[in-house]
Amino acid sequence: MLSNQLINPSKVGRPSLGNTPPAPKHVYRRKIPAPELRLDNVGHLPEISAKRGRCKQKNCPGYTQIKCSKCDSFLCLTKDKNCYARFHLYA
């Protein structure tokens, strides 16, 4: 019995990291409405939401409470940044 354990020792403890593949990285995607909806210039009104969300404008890292009533997208709208207008005017 002892000689069998020396030849095939049972694996006890945490497994080594050398044999396991790395976990896939989760990619967060910002859901943007279709260009037909967001560029139609009809009925897009800013509203203040109870929750904060990340701005959907490309390359904007900000969080805001302003949300488009038609697109249902959070967009920055301050005196320094107007992601709201850029989001609805340019593709």
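Q: Why is the pair Cys 55 and Cys 60 not called a disulfide?
A: In this predicted model, the sulfur of Cys 55 lies 3.7 Å from that of Cys 60, its closest cysteine sulfur. A disulfide needs two cysteine sulfur atoms within 2.5 Å, so the distance of 3.7 Å is too far for a bond.

Q: What makes the count of disulfides come to what it is, and where does Cys 71 stand?
A: The count by this rule is 0 disulfides. Cys 71 is in none, since the nearest cysteine sulfur, belonging to Cys 68, is 3.8 Å away, and the cut-off is 2.5 Å.

Q: Why is Cys 55 called buried?
A: The relative accessible area of Cys 55 is 0%, and buried means under 20%, so the word applies to Cys 55. Cys 71, at 9%, counts as buried too.

Q: What makes the contact of Asp 40 and Lys 70 a salt bridge?
A: Their side chains meet at 2.5 Å, taken from N to O, and the definition asks for a nitrogen of Lys or Arg within 4 Å of a carboxyl oxygen of Asp or Glu, so the pair qualifies. The two residues are 30 residues apart, with Asp 40 in the loop between α2 and β1 and Lys 70 in the loop between β2 and α3.

Q: How do you know whether Asp 72 and Lys 67, which meet in a salt bridge, are buried or exposed?
A: Asp 72 has a relative accessible area of 51%, and exposed means over 50%, so Asp 72 is exposed. Lys 67, at 17%, is buried, because this value is under 20%.

Key. Residues are numbered from 1 along each chain as its sequence is written. This is a predicted model: local features need pLDDT of at least 70, side-chain atom pairs count only at pLDDT 80 or more; totals for chains, interfaces and linings use all residues. Side-chain values use heavy atoms; hydrogens and water are left out. Buried means under 20% relative accessible area, exposed over 50%, partly exposed in between (1.4 Å probe, protein chains only). Helices (H or I, at least four residues) and strands (E, at least two) are DSSP runs, numbered from the N terminus.
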